[in-house]
Amino acid sequence: MASVTELGYLTLGVSNLAAWKGFAANVLGLEVVEGVKPTTCELRMDYWHHRVTLIEDGSDDLKVTGLRVAGHDEFHEMAAQLRAAGVAVTLCSEAEAEARSVLEVMMLKDPNGHAVEIFHGPLVQFDKPFHPGRRMHGGFKTGSGGLGHVMQSTTASLQENYAFYSLLGMRGGIQYKLEVPGAPGPIPLMFMSCNDRQHTFAFAGPGEKRANHIMMEVDRIDDVGLAYDMVKEAGLPIIIEPGSHANDQMFSFYFKNPSGFMSEIGWGGRSAVHQSEYYQRDAFGHTPVPGSMKDFMVPA
Ligand SMILES: [Fe+2]
(Lines give C-alpha, C1' and ligand atoms only; values in the text may rest on other atoms or scores of the structure.)
Protein backbone atom coordinates (compact mmCIF):
# COMPACT_ATOMS: atom_id res chain seq x y z
CA MET A 1 0.00 0.00 0.00
CA ALA A 2 1.36 3.42 -0.98
CA SER A 3 1.34 6.16 1.65
CA VAL A 4 1.73 9.92 1.53
CA THR A 5 4.91 11.05 3.26
CA GLU A 6 4.42 14.75 3.95
CA LEU A 7 2.34 17.87 3.41
CA GLY A 8 4.47 19.32 0.63
CA TYR A 9 2.63 22.43 -0.48
CA LEU A 10 -0.51 24.50 -0.09
CA THR A 11 -2.44 26.75 -2.45
CA LEU A 12 -4.30 29.67 -0.89
CA GLY A 13 -6.86 31.91 -2.54
CA VAL A 14 -6.54 35.51 -1.35
CA SER A 15 -8.41 38.74 -1.95
CA ASN A 16 -5.46 41.07 -1.44
CA LEU A 17 -2.22 39.71 -2.88
CA ALA A 18 -0.20 42.80 -1.89
CA ALA A 19 -1.34 42.50 1.74
CA TRP A 20 -0.51 38.77 1.75
CA LYS A 21 2.97 39.34 0.33
CA GLY A 22 3.69 41.90 3.04
CA PHE A 23 2.30 39.59 5.73
CA ALA A 24 4.23 36.57 4.44
CA ALA A 25 7.54 38.44 4.32
CA ASN A 26 7.33 40.81 7.28
CA VAL A 27 5.26 38.83 9.79
CA LEU A 28 5.85 35.15 8.95
CA GLY A 29 9.39 35.62 7.57
CA LEU A 30 8.71 33.66 4.35
CA GLU A 31 10.54 34.41 1.08
CA VAL A 32 8.30 35.90 -1.60
CA VAL A 33 8.88 34.65 -5.15
CA GLU A 34 6.97 36.63 -7.74
CA GLY A 35 4.71 34.55 -9.99
CA VAL A 36 4.65 34.36 -13.73
CA LYS A 37 1.20 35.98 -13.65
CA PRO A 38 0.44 39.23 -11.78
CA THR A 39 -2.30 37.49 -9.80
CA THR A 40 -0.10 34.76 -8.29
CA CYS A 41 3.04 34.48 -6.24
CA GLU A 42 4.89 31.71 -4.46
CA LEU A 43 6.35 31.56 -0.96
CA ARG A 44 9.51 29.67 0.06
CA MET A 45 10.44 28.43 3.51
CA ASP A 46 13.37 26.08 2.75
CA TYR A 47 15.26 24.75 -0.27
CA TRP A 48 12.06 23.78 -2.10
CA HIS A 49 11.07 25.90 -5.11
CA HIS A 50 8.03 26.93 -3.08
CA ARG A 51 5.78 25.66 -0.31
CA VAL A 52 2.81 27.99 -0.75
CA THR A 53 1.13 29.41 -3.86
CA LEU A 54 -1.03 32.51 -3.48
CA ILE A 55 -3.73 33.09 -6.10
CA GLU A 56 -5.62 36.38 -6.06
CA ASP A 57 -9.14 35.01 -6.60
CA GLY A 58 -11.02 36.63 -3.74
CA SER A 59 -11.74 33.36 -1.93
CA ASP A 60 -9.58 34.02 1.17
CA ASP A 61 -9.31 30.33 2.00
CA LEU A 62 -7.26 27.19 1.60
CA LYS A 63 -7.78 25.87 -1.93
CA VAL A 64 -5.48 22.83 -2.23
CA THR A 65 -3.39 20.61 0.02
CA GLY A 66 -0.44 18.99 -1.79
CA LEU A 67 0.59 15.63 -0.35
CA ARG A 68 3.85 13.96 -1.38
CA VAL A 69 4.52 10.32 -2.13
CA ALA A 70 8.03 8.89 -2.35
CA GLY A 71 8.40 8.44 -6.10
CA HIS A 72 7.02 7.32 -9.46
CA ASP A 73 6.10 3.77 -8.34
CA GLU A 74 4.30 4.94 -5.20
CA PHE A 75 2.51 7.64 -7.22
CA HIS A 76 0.96 5.12 -9.62
CA GLU A 77 0.31 2.63 -6.82
CA MET A 78 -1.55 5.41 -4.98
CA ALA A 79 -3.67 6.23 -8.04
CA ALA A 80 -4.57 2.53 -8.38
CA GLN A 81 -5.50 2.07 -4.70
CA LEU A 82 -7.65 5.21 -4.75
CA ARG A 83 -9.48 4.11 -7.89
CA ALA A 84 -9.97 0.62 -6.44
CA ALA A 85 -11.67 2.28 -3.47
CA GLY A 86 -13.97 4.26 -5.76
CA VAL A 87 -12.20 7.64 -5.47
CA ALA A 88 -12.14 9.66 -8.71
CA VAL A 89 -8.57 10.60 -9.59
CA THR A 90 -7.34 12.84 -12.42
CA LEU A 91 -3.75 12.34 -13.51
CA CYS A 92 -2.43 15.76 -14.54
CA SER A 93 -0.51 16.66 -17.67
CA GLU A 94 3.22 17.28 -17.75
CA ALA A 95 2.50 21.01 -18.12
CA GLU A 96 0.29 20.95 -15.01
CA ALA A 97 3.07 19.20 -13.09
CA GLU A 98 5.64 21.70 -14.33
CA ALA A 99 3.38 24.58 -13.23
CA ARG A 100 3.60 23.13 -9.71
CA SER A 101 7.37 22.46 -9.95
CA VAL A 102 6.89 18.70 -9.42
CA LEU A 103 7.48 15.65 -11.62
CA GLU A 104 3.97 14.16 -11.53
CA VAL A 105 0.72 15.20 -9.85
CA MET A 106 -2.87 13.91 -9.58
CA MET A 107 -6.01 15.73 -8.43
CA LEU A 108 -8.84 14.38 -6.28
CA LYS A 109 -11.44 15.54 -3.73
CA ASP A 110 -11.76 14.52 -0.11
CA PRO A 111 -15.17 13.64 1.44
CA ASN A 112 -15.75 17.34 2.22
CA GLY A 113 -15.31 18.22 -1.47
CA HIS A 114 -11.94 19.83 -0.71
CA ALA A 115 -9.28 19.72 -3.43
CA VAL A 116 -6.30 17.48 -2.70
CA GLU A 117 -3.27 16.92 -4.92
CA ILE A 118 -0.85 14.03 -4.60
CA PHE A 119 2.55 14.46 -6.18
CA HIS A 120 6.11 13.26 -6.23
CA GLY A 121 9.39 14.89 -7.18
CA PRO A 122 9.36 18.49 -5.95
CA LEU A 123 11.94 20.86 -7.42
CA VAL A 124 14.55 21.32 -4.67
CA GLN A 125 16.95 24.21 -5.22
CA PHE A 126 20.11 23.60 -3.22
CA ASP A 127 21.68 26.40 -5.26
CA LYS A 128 19.19 28.86 -3.76
CA PRO A 129 19.28 28.85 0.05
CA PHE A 130 16.18 30.15 1.80
CA HIS A 131 16.30 33.93 2.18
CA PRO A 132 13.80 35.01 4.86
CA GLY A 133 11.54 37.95 4.13
CA ARG A 134 12.71 39.60 7.35
CA ARG A 135 15.43 38.93 9.90
CA MET A 136 15.18 35.52 11.60
CA HIS A 137 17.30 33.85 14.28
CA GLY A 138 17.04 30.49 12.53
CA GLY A 139 14.83 28.94 9.88
CA PHE A 140 11.69 26.89 9.45
CA LYS A 141 11.57 23.26 10.58
CA THR A 142 10.43 21.29 7.54
CA GLY A 143 12.62 18.34 6.51
CA SER A 144 10.85 14.99 6.60
CA GLY A 145 7.98 16.52 8.60
CA GLY A 146 6.67 18.58 5.70
CA LEU A 147 5.74 22.24 5.75
CA GLY A 148 3.70 22.13 8.97
CA HIS A 149 0.13 21.26 9.81
CA VAL A 150 -3.34 22.42 8.83
CA MET A 151 -6.62 22.28 10.72
CA GLN A 152 -9.57 22.05 8.33
CA SER A 153 -13.30 22.31 8.78
CA THR A 154 -15.41 19.32 7.80
CA THR A 155 -18.82 18.81 6.29
CA ALA A 156 -18.38 15.04 6.18
CA SER A 157 -18.18 13.16 9.49
CA LEU A 158 -14.89 12.64 11.30
CA GLN A 159 -15.28 8.91 10.51
CA GLU A 160 -15.60 9.61 6.77
CA ASN A 161 -12.52 11.82 6.88
CA TYR A 162 -10.66 9.16 8.84
CA ALA A 163 -11.54 6.52 6.24
CA PHE A 164 -10.43 8.74 3.33
CA TYR A 165 -7.14 9.90 4.79
CA SER A 166 -6.37 6.37 6.03
CA LEU A 167 -6.68 5.31 2.40
CA LEU A 168 -3.89 7.79 1.68
CA GLY A 169 -1.77 6.02 4.30
CA MET A 170 -2.23 8.53 7.10
CA ARG A 171 -2.75 7.37 10.69
CA GLY A 172 -4.42 8.94 13.69
CA GLY A 173 -7.79 9.36 15.30
CA ILE A 174 -9.47 11.30 18.08
CA GLN A 175 -6.79 12.95 20.21
CA TYR A 176 -8.87 15.48 22.13
CA LYS A 177 -12.17 15.27 23.90
CA LEU A 178 -11.89 18.92 24.68
CA GLU A 179 -13.64 20.25 27.75
CA VAL A 180 -14.95 23.71 26.92
CA PRO A 181 -16.81 25.76 29.55
CA GLY A 182 -20.45 26.18 28.52
CA ALA A 183 -20.36 23.42 25.87
CA PRO A 184 -22.95 20.65 26.26
CA GLY A 185 -20.21 17.99 26.21
CA PRO A 186 -16.60 17.30 25.25
CA ILE A 187 -15.66 18.38 21.71
CA PRO A 188 -13.93 15.59 19.71
CA LEU A 189 -10.98 16.65 17.53
CA MET A 190 -9.28 14.28 15.09
CA PHE A 191 -5.64 14.36 14.06
CA MET A 192 -3.82 12.50 11.28
CA SER A 193 -0.09 12.07 10.70
CA CYS A 194 2.06 10.67 7.90
CA ASN A 195 5.56 11.09 9.31
CA ASP A 196 7.22 12.04 12.58
CA ARG A 197 5.42 15.39 12.76
CA GLN A 198 2.86 14.79 15.50
CA HIS A 199 0.04 15.74 13.16
CA THR A 200 -0.19 16.98 9.59
CA PHE A 201 -3.97 17.41 9.50
CA ALA A 202 -6.50 18.20 12.19
CA PHE A 203 -10.26 18.00 11.65
CA ALA A 204 -13.07 19.58 13.60
CA GLY A 205 -16.67 20.39 12.73
CA PRO A 206 -18.16 22.68 10.11
CA GLY A 207 -16.67 26.12 9.68
CA GLU A 208 -17.18 29.16 7.48
CA LYS A 209 -13.83 28.54 5.79
CA ARG A 210 -12.03 25.33 4.89
CA ALA A 211 -8.97 26.57 6.77
CA ASN A 212 -9.11 26.99 10.52
CA HIS A 213 -5.36 27.51 10.81
CA ILE A 214 -2.03 26.76 9.20
CA MET A 215 0.93 26.03 11.47
CA MET A 216 4.55 26.60 10.55
CA GLU A 217 7.31 25.56 12.95
CA VAL A 218 10.55 27.46 13.52
CA ASP A 219 13.91 26.07 14.68
CA ARG A 220 14.40 28.53 17.54
CA ILE A 221 12.06 29.75 20.27
CA ASP A 222 13.39 33.26 19.66
CA ASP A 223 11.57 33.25 16.32
CA VAL A 224 8.24 32.56 18.04
CA GLY A 225 8.90 35.63 20.18
CA LEU A 226 9.99 37.68 17.19
CA ALA A 227 6.88 36.63 15.25
CA TYR A 228 4.75 37.65 18.25
CA ASP A 229 6.36 41.11 18.17
CA MET A 230 5.88 41.36 14.38
CA VAL A 231 2.18 40.44 14.69
CA LYS A 232 1.66 43.19 17.25
CA GLU A 233 3.71 45.68 15.19
CA ALA A 234 1.55 44.90 12.14
CA GLY A 235 -1.59 45.50 14.19
CA LEU A 236 -2.95 42.00 13.51
CA PRO A 237 -5.25 40.45 16.11
CA ILE A 238 -3.72 37.79 18.35
CA ILE A 239 -6.42 35.15 18.80
CA ILE A 240 -4.79 32.70 21.23
CA GLU A 241 -1.94 33.64 23.54
CA PRO A 242 1.23 31.47 23.72
CA GLY A 243 0.89 28.02 25.23
CA SER A 244 1.51 24.32 24.63
CA HIS A 245 -0.85 21.70 23.22
CA ALA A 246 -1.02 18.33 24.96
CA ASN A 247 -0.64 16.39 21.69
CA ASP A 248 2.26 18.04 19.83
CA GLN A 249 3.58 19.89 22.92
CA MET A 250 4.58 22.75 20.68
CA PHE A 251 5.07 26.21 22.15
CA SER A 252 2.90 28.33 19.90
CA PHE A 253 0.44 31.19 19.48
CA TYR A 254 -2.31 32.05 16.97
CA PHE A 255 -3.13 35.23 15.09
CA LYS A 256 -5.41 36.33 12.27
CA ASN A 257 -3.89 36.47 8.77
CA PRO A 258 -5.07 38.80 5.95
CA SER A 259 -7.55 36.13 4.75
CA GLY A 260 -9.32 36.06 8.11
CA PHE A 261 -8.34 32.57 9.24
CA MET A 262 -5.55 31.82 11.69
CA SER A 263 -1.83 31.33 11.37
CA GLU A 264 0.05 29.49 14.12
CA ILE A 265 3.79 29.81 14.68
CA GLY A 266 5.34 27.17 16.93
CA TRP A 267 8.59 25.75 18.23
CA GLY A 268 9.75 22.59 19.96
CA GLY A 269 6.99 20.18 18.96
CA ARG A 270 7.53 16.58 20.03
CA SER A 271 7.58 13.77 17.48
CA ALA A 272 4.54 11.61 16.85
CA VAL A 273 4.24 8.80 19.40
CA HIS A 274 2.56 6.55 16.77
CA GLN A 275 0.15 5.17 19.39
CA SER A 276 -3.28 6.51 20.21
CA GLU A 277 -3.79 8.77 23.22
CA TYR A 278 -6.35 11.44 24.05
CA TYR A 279 -6.38 14.60 26.11
CA GLN A 280 -8.94 16.87 27.73
CA ARG A 281 -7.02 20.14 27.80
CA ASP A 282 -3.75 21.75 26.75
CA ALA A 283 -0.55 21.52 28.79
CA PHE A 284 -0.48 25.24 29.62
CA GLY A 285 -1.44 28.63 28.25
CA HIS A 286 -3.21 29.06 24.89
CA THR A 287 -5.69 31.40 26.53
CA PRO A 288 -8.09 32.82 23.93
CA VAL A 289 -8.02 36.60 23.76
CA PRO A 290 -11.47 37.66 25.07
CA GLY A 291 -13.97 37.93 22.22
CA SER A 292 -11.50 36.68 19.62
CA MET A 293 -12.68 33.10 19.24
CA LYS A 294 -16.23 33.76 18.10
CA ASP A 295 -15.22 33.39 14.42
CA PHE A 296 -13.26 30.20 14.88
CA MET A 297 -13.63 26.57 15.78
CA VAL A 298 -11.57 25.33 18.69
CA PRO A 299 -8.01 24.93 17.39
CA ALA A 300 -5.25 22.52 18.29
FE1 LIG B 1 -2.21 23.79 15.30
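Is Gln249 buried, partly exposed or exposed in this predicted model? Gln249 is partly exposed, because its relative accessible area is 39%.

**View 1. Gln249 in the loop between E14 and E15.** Gln249 is not a glycine, yet its phi is positive, at about 50°. The residue sits in the loop between strands E14 and E15. With a relative accessible area of 39%, Gln249 is partly exposed.

**View 2. Asp60 in the loop between E4 and E5.** Strand E4 covers residues 52–56 and strand E5 covers residues 61–68, with Asp60 in the loop between them. Asp60 also has a positive phi, of about 50°, although it is not a glycine. Its relative accessibility is 12%, and since buried means under 20%, Asp60 counts as buried.

**View 3. Helix H5 and its buried face.** Helix H5 runs over residues 221–233, which is 13 residues. At 1.5 Å a residue the helix should span 18 Å, and its end C-alpha atoms are 19 Å apart, which agrees. The buried residues of H5 are Asp223, Val224, Ala227, Tyr228, Met230 and Val231. Seen down the helix axis, these buried residues fall within an arc of 165°, so they line one face of H5. An α-helix has 3.6 residues a turn, so residues three or four places apart point the same way.

**View 4. Surroundings of helix H5.** The cover over the buried residues of H5 includes helix H1 (17–28). Strands also contribute to this cover, among them E13 (211–218), E14 (238–244), E15 (251–256) and E16 (262–267). H5 is followed by Gly235, which has a positive phi near 75°.

**View 5. A nonpolar surface patch with Tyr47, Val124 and Phe126.** Tyr47, Val124 and Phe126 make a nonpolar patch of about 300 Å² on the surface. Phe126 lies in the loop between strand E8 (115–122) and strand E9 (149–152). The relative accessible area of Phe126 is 62%, so this residue is exposed.

**View 6. Salt bridge between Glu34 and Lys21.** The model has twelve salt bridges in its count. In one of them, between Glu34 and Lys21, the closest N and O atoms are 2.8 Å apart. The pair links distant parts of the chain, 13 residues apart: Glu34 belongs to strand E2 (residues 31–34) and Lys21 to helix H1. Glu34 is exposed, with a relative accessible area of 52%, whereas Lys21 counts as partly exposed at 22% relative accessibility.

**View 7. Salt bridge between Lys63 and Asp57.** The closest N and O atoms of Lys63 and Asp57 are 2.7 Å apart. Lys63 counts as partly exposed, at 30% relative accessibility. Asp57 is partly exposed, with a relative accessible area of 35%.

**View 8. Salt bridge between Arg197 and Glu217.** Arg197 and Glu217 form a salt bridge in which the closest N and O atoms are 2.8 Å apart. This pair links distant parts of the chain, 20 residues apart. Arg197 is in the loop between strand E11 (187–193) and strand E12 (201–203), while Glu217 is in strand E13. Arg197 counts as buried at 9% relative accessibility, and Glu217 counts as buried at 3%.

**View 9. A salt-bridge network.** Glu6, Asp46, Arg51 and Arg68 are joined into one network by salt bridges that share partners.

Technical notes:
Residues numbered from 1 in each chain as written. Predicted model: local features only at pLDDT ≥ 70, side-chain atom pairs only at ≥ 80, totals over all residues. Heavy atoms only, no water. Helix = DSSP H or I, 4+ residues; strand = E, 2+ residues; numbered from the N terminus. Expected span 1.5 Å × (residues − 1). Buried < 20%, exposed > 50% of the residue type's maximum accessible area, 1.4 Å probe, protein only. Arc of directions from axis to C-beta. Contact = heavy atoms within 4.5 Å. Patch = residues over 30% accessible without salt bridge, like charges linked within 9 Å, V, L, I, M, F, W, Y side chains within 5 Å. Areas by Shrake-Rupley, 256 points an atom, 1.4 Å probe, with all protein chains shown as cover. Salt bridge = Lys/Arg side-chain N within 4 Å of Asp/Glu carboxyl O.
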